[in-house]
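The following paragraphs lead the reader through a single structure. Please keep the sequence and the model in view while reading.

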Amino acid sequence: MRLALIANPHASRFSGRQRDRVVAALAAGHKVEVLQTAHPGQATALASQAVASGVEVVAVLGGDGTVNEVVNGLRGSDAALGLLGGGRVNVLARGLGLPADPDRAASRLVELLAAGARRRLTLGVAGDRWFALNAGLGLGGAIVREVERRQRAKQLYGDRAYLAAGLKALLVDHDRDNPHLTVHLPDGRPPLRGFFTLVGNGDPFTYLGRRPFRPTPQATWDGGLDLLVGQTMATRSLVRALTGMLSPHPRAGYPGLPVLHDIDGFSLESDIPLPFQLDGEYVGDRTSVTFGCLRSALAVFAPPARA
């Protein structure tokens, strides 16, 4: 089988020696072409070129941001995705029951390739971008934007940098008095007003260290999208909800934070620009975003879904 390995040398767990070990493990039974990114965004073009040349599997050694770029490069192809970890969080790999450690992930991918163990996943669509994990307009986007502004703190403090960014976004940056967002829903349902939204394509939404963060716990990787609408900024309500979302038994919605389950499309409008994130990457401020989903759009080598 022909594989392209797209490696991000800036990923948290990347090293040249580790890349070489991963390549050796895959090359024992397959033809492997190694493609290394030099700048953000390049993985999309590399994936697109690889599948155009006849590659059957595009494997990613990098974080969820690199996975997102590769997913966008696989559009219109029959190539499958392989996940090799290497990032700080590796939400998609862990959510699908795959190792985050690259050496273990390479061994597991070899097993899955031999067994032909493919799953088909839904992909979310936001404007002209696909996403595999999640999206957020407002508070979640502000947190990601703040962390990306402080890369040194992210490297030094890891998840604590996200907690600090969250507190700053919540207490300092975000308008807690005026709900600027309107959520337009399909099928003639009345619009909803809110301060922020979180869109989940699967569960968990992300991880804080080893602990899964689950604001949309009913979301599945092969269903529609789940949408949490933040209709309150009351500190007590948010603390209670966050505590529940980090617990072993989260609820599907909390007072002032309803969750719409398994929907195929909706649109968001804001009367001011709000920060927007896709798959954990800040992609600019937006006043409107239209969402859809493509069911069974992506083949990935992974174990079957748990019953």
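Two residues are said to be in contact when their heavy atoms lie within 4.5 Å. The structure discussed here is a predicted model, and Val-58 offers a suitable starting point.

Val-58 is found in strand S3, which comprises residues 57-62. Is this residue buried or exposed? With a relative accessible area of 0%, Val-58 is buried, because buried means under 20%. Its contacts, leaving aside residues up to four places away in sequence, include Ala-4 and Ile-6, as well as Ala-47 and Val-51. Val-58 also touches Val-70, Leu-74, Ala-80, Leu-81 and Gly-82. As for Ser-48, this residue stands 10 residues from Val-58 in sequence, and their C-alpha atoms are 9.7 Å apart in space.

Attention now turns to strand S16, which spans residues 281-301. Which strands does S16 join? One partner is strand S5, residues 118-126, which runs antiparallel to S16 and is joined to it by eight bridges. Within this pairing, Leu-123 stands opposite Leu-294 in S16. Another partner is strand S15, residues 265-278, likewise antiparallel to S16 and connected through nine bridges. Here Leu-274 has Arg-286 of S16 as its bridge partner. S15 and S16 form a hairpin with two residues between them, and in the turn Asp-279 has a positive phi of about 50°.

The aromatic side chains supply a further theme. How many aromatic pairs does the structure hold? There are four. Among them is the edge-to-face pair of Phe-205 and Phe-213, whose ring centres are 6.3 Å apart and whose planes meet at 90°. Phe-205 counts as buried at 6% relative accessibility, and Phe-213 is buried as well, with a relative accessible area of 13%.

Phe-276 and Phe-291 also form an edge-to-face pair, at 6.1 Å centre to centre and with 80° between the planes. This pair links distant parts of the chain, since Phe-276 belongs to strand S15 and Phe-291 to strand S16, 15 residues apart. Phe-276 is buried, with a relative accessible area of 3%, and Phe-291 counts as buried at 4% relative accessibility. Ring pairs further link Phe-276 and Phe-291 with Phe-131 and Phe-266 into a cluster.

A ring also takes part in an arrangement with a charged group. The charged end of Arg-94 sits over the ring of Tyr-207, at 3.7 Å from the ring centre.

Definitions and conventions: Residues numbered from 1 in each chain as written. Predicted model: local features only at pLDDT ≥ 70, side-chain atom pairs only at ≥ 80, totals over all residues. Heavy atoms only, no water. Pairing = 2+ DSSP bridges. Helix = DSSP H or I, 4+ residues; strand = E, 2+ residues; numbered from the N terminus. Buried < 20%, exposed > 50% of the residue type's maximum accessible area, 1.4 Å probe, protein only. Phe/Tyr/Trp six-rings, centres within 6.5 Å; stacked < 30°, edge-to-face > 60°. Lys NZ or Arg CZ within 6 Å of the ring centre and 35° of its normal.
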